[in-house]
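User: Hello! I would like to learn how to read the features of a structure like this one. Could you walk me through it?

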Amino acid sequence: MQDITVVKCGGNAAVDPLAICSDVAGMAGDGERVVLVHGGSADIDALAGRLGVPMRRLVSPDGVSARYTDAAALEVVHLALAGLAKPRLVGALVAAGVPAVGLTGLDGGLLRAKRKSVHRALVDGRRVLVRDDHSGRQPGEAGRDLDGQAAWAAPRTWPTPAPSSPPRSPPGSPATTWWWTAG
């Protein structure tokens, strides 16, 4: 079995997704099996602004900043990743001659994650517990199921999953969403 190379395309405004797609097209043209995973923070923030959905950040006691994802923000994340970022990348890959297939974590149960039941954060200098955040972590090795789950795809197609999965469970049980940090 040939190895799969996973390429991460961050989603902040400083990233040039067309250059990354060009690199992926070169790898695919050389016969490599490539999966392009992507972020979409710039698309998420822009769409949230257009829709009037406030975006907040949580800062952990050790200073790590992360997106606070309540139900409204989760909808924006899904819309931006699956409706803006993914089609743009798939279109660029197809234009470069790569028969790309765009997927989300929902498609075929491709990606699974475990929702965090509580997040520790600093708010106005006080430590608080946040229980309504919808983010989580993928247990185990990221992308471990990509080979088996993408087996249905036609030969010589390259999955391009948006890193989100469906809302499917209450707090404390498996996650409602996850993503790789987009830098």
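Analyst: Happily! Let us start with a single side chain: Asp133 makes a polar contact with the side chain of His119, at 3.0 Å. Keep in mind that this is a predicted model.

User: Where does Asp133 lie in the chain?

Analyst: Asp133 sits in the loop between strand S8 (126-130) and strand S9 (136-137). Leaving aside neighbours within four places in sequence, Asp133 is in contact with several residues, including Leu58, Tyr68, Lys116 and His119.

User: Which side chain of opposite charge is nearest to Asp133?

Analyst: That is Arg115, 6.7 Å away. A salt bridge needs a side-chain nitrogen of Lys or Arg within 4 Å of a carboxyl oxygen of Asp or Glu. Asp133 is buried yet has no salt bridge.

User: How many salt bridges are there by this rule?

Analyst: The count comes to two. In one of them, the side chains of Asp43 and Arg88 meet at 2.9 Å, N to O. This pair links distant parts of the chain, with Asp43 in helix H2 and Arg88 in helix H3, 45 residues apart. Asp43 is buried, at 15% relative accessible area, while Arg88 is partly exposed, at 40%.

User: What does Arg67 pair with?

Analyst: Arg67 forms a salt bridge with Asp45, and their closest N and O atoms are 3.2 Å apart. Arg67 belongs to strand S4 (residues 65-68) and Asp45 to helix H2, so the pair ties together parts that are 22 residues apart in sequence. Here Arg67 is buried, with a relative accessible area of 12%, whereas Asp45 is partly exposed at 42%.

User: Now for the nonpolar side chains. Which elements give two or more residues to the largest nonpolar core?

Analyst: The largest nonpolar core has 16 residues, and Val7, Ile20 and Val24 are among those with the most contacts inside it. Strand S1 (4-9), helix H1 (17-29), strand S2 (33-38) and helix H3 (71-95) each give two or more residues to this core. H1 gives the most, with six residues. For a closer look, take Val24: beyond four places in sequence, Val24 touches Val7, Val34, Leu36 and Leu93. A second, separate core of eight residues includes Ile44, Leu47, Ala48 and Leu81.

User: Which elements have the lowest and the highest mean pLDDT?

Analyst: Helix H4 (residues 146-149) has the lowest, 50, and helix H2 (residues 41-51) the highest, 96. Across the chain, the average pLDDT is 79, and 75% of the residues score at least 70. Over residues 149-154 the pLDDT is below 50, and over residues 165-183 it stays under 50.

How values were computed. Residues numbered from 1 in each chain as written. Predicted model: local features only at pLDDT ≥ 70, side-chain atom pairs only at ≥ 80, totals over all residues. Heavy atoms only, no water. Helix = DSSP H or I, 4+ residues; strand = E, 2+ residues; numbered from the N terminus. Buried < 20%, exposed > 50% of the residue type's maximum accessible area, 1.4 Å probe, protein only. Lys, Arg positive; Asp, Glu negative; His and termini not counted. Polar contact = N/O pair within 3.5 Å; in protein donor to acceptor, adjacent residues only side chain to side chain. Contact = heavy atoms within 4.5 Å. pLDDT = per-residue confidence, 0-100. Core = buried A, V, L, I, M, F, W, Y, C linked by side-chain atoms within 4.5 Å.
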